[in-house]
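Student: I have a new structure open and would like to learn how to read it. Where shall we begin?

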Amino acid sequence: MRILIVEDEQKIAIGLKKTLESELFAVDTTQNGNVGSQMALINDYDLIILDYRLPDKNGLEICADIRNAGKQMPILMLSVEGHHHFKADMLNAGIDDYMTKPFSTQELIARIRALLRRPPISVDEILIINDLVCDPKKYIVTRSDNEIYLTRKEFSLLEYMLRNQGVALSRAMIMEHVWNEQVNAFSNTIESHILNLRKKIDKNHKTKLIHTLPGRGYVLDAR
Ligand code: CA
């Protein structure tokens with residue numbers, strides 16, 4: 001699950017990124033409203049956090065850009081404003097939720113999980129394929145009741161594949177949802193993570209779950 005944070009207060013942005021990464025989200029940040037708007041349109045984020053007051057473009061304007069482009073991902077706004085009419089403006093503009101600064105990080109994470117739980121994306125349920133079971137909230141994966149120890153990235157990769165079972169996933173799609181933009185798209189990061197994941201979940205099992213689709217990418221399937 002990949003999140004964009006548009007926030008000009010460096011301290012808040014860095015703190016949030018750190019916290020969300022510790023919850024296994026891939027996170028991009030920018031301090032600039034125009035850049036944030038462009039990033040939101042170019043990349044396929046699962047959720048966007050917008051600050052309201054930014055030097056160049058405010059959060060509502062960025063939200064309008066995103067919604068006008070037909071993008072439906074949940075948007076959470078951070079704001080120092082607390083007036084009722086302002087909250088109504090936010091919700092009318094297509095903001096899904098907002099938090100008034102200063103906010104509690106724990107509450108923010110709970111709100112993010114609640115937003116991601118709305119269909120069609122869902123974060124808290126148990127994900128299952130064949131005899132493999134994954135609990136995204138507790139970061140536990142088992143196959144045939146044996147626990148499998150995955151690195152954070154392997155876990156994020158498996159979670160993304162589990163949420164898209166039977167779907168051909170290109171390298172670009174995997175890159176979009178599992179890594180932030182600091183990863184070189186031409187590196188062999190994805191291949192090496194798939195290789196390791198395969199070793200951990202498929203080795204010694206008759207039914208293979210990860211399949212390579214030559215020239216197209218990968219699919220998680222219990223065929
Ligand atoms: Ca601000």
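Tutor: Start with one helix. In α7, I174, M175, H177 and V178 are buried. Keep in mind that this is a predicted model.

Student: Which elements do the buried residues of α7 pack against?

Tutor: They pack against β1 (2-6), β2 (26-30), α6, α8 and β11 (217-220). So that is a mix of strands and helices.Student: How do I read a salt bridge? How many does the structure hold?

Tutor: Look for a side-chain nitrogen of Lys or Arg within 4 Å of a carboxyl oxygen of Asp or Glu. The structure holds 15 salt bridges. Take E154 and K200: their closest N and O atoms are 2.7 Å apart. E154 sits in helix α6 (residues 152-162), and K200 sits in helix α8 (residues 189-201). The two are 46 residues apart, and the pair links distant parts of the chain.

Student: Is E154 buried or exposed?

Tutor: E154 is buried, with a relative accessible area of 4%. K200 is partly exposed, at 31% relative accessibility. To place these values, use the cut-offs: under 20% is buried, over 50% is exposed, and partly exposed is in between.

Student: Which residue meets E191 in a salt bridge?

Tutor: R171 does, with 2.7 Å from N to O. This pair also links distant parts of the chain: E191 is in helix α8, and R171 is in helix α7 (residues 171-178), 20 residues apart. E191 has a relative accessible area of 30%, which makes it partly exposed. R171 is partly exposed too, at 28%.

Student: Which residues do shared partners join into one network?

Tutor: Salt bridges that share partners join E7, E9, D51 and K101. For one more pair, look at E159 and R163. Their side chains meet in a salt bridge at 2.8 Å, N to O. Both residues are buried.

Student: Let us turn to strands. In what sense do β7 and β8 pair, parallel or antiparallel?

Tutor: Strand β7 (residues 132-135) and strand β8 (residues 140-143) pair in the antiparallel sense, over 4 bridges. To follow the pairing across, find V133, which stands opposite T142 in β8.

Student: How many residues lie between β7 and β8 in the hairpin?

Tutor: There are 4 residues between them. In that turn, Y139 has a positive phi of about 55°.

Student: What comes after β8?

Tutor: Strand β9 (residues 146-148) pairs with β8 in the antiparallel sense, over 3 bridges. R143 has N146 in β9 as its bridge partner. β8 and β9 form a hairpin as well, with 2 residues between them. S144 in this turn has a positive phi of about 50°.

Student: How do I read an aromatic pair? How many does a search of the whole structure find?

Tutor: Check the distance between ring centres, then the angle between the planes; over 60 degrees counts as edge-to-face. The search finds 1 aromatic pair. Y139 and F155 form this edge-to-face pair, 5.7 Å centre to centre, with 90° between the planes.

Student: Why does the pair tie together parts that are 16 residues apart in sequence?

Tutor: Because Y139 lies in the loop between β7 and β8, while F155 lies in helix α6. Y139 is partly exposed, with a relative accessible area of 32%. F155 counts as buried, at 4% relative accessibility.

How values were computed: Residues are numbered from 1 along each chain as its sequence is written. This is a predicted model: local features need pLDDT of at least 70, side-chain atom pairs count only at pLDDT 80 or more; totals for chains, interfaces and linings use all residues. Side-chain values use heavy atoms; hydrogens and water are left out. Buried means under 20% relative accessible area, exposed over 50%, partly exposed in between (1.4 Å probe, protein chains only). Two strands pair if DSSP finds at least two bridges between them. Rings of Phe, Tyr and Trp (its six-membered ring) pair if their centres lie within 6.5 Å; planes under 30 degrees apart count as stacked, over 60 as edge-to-face and the rest as tilted. Contact means heavy atoms within 4.5 Å.
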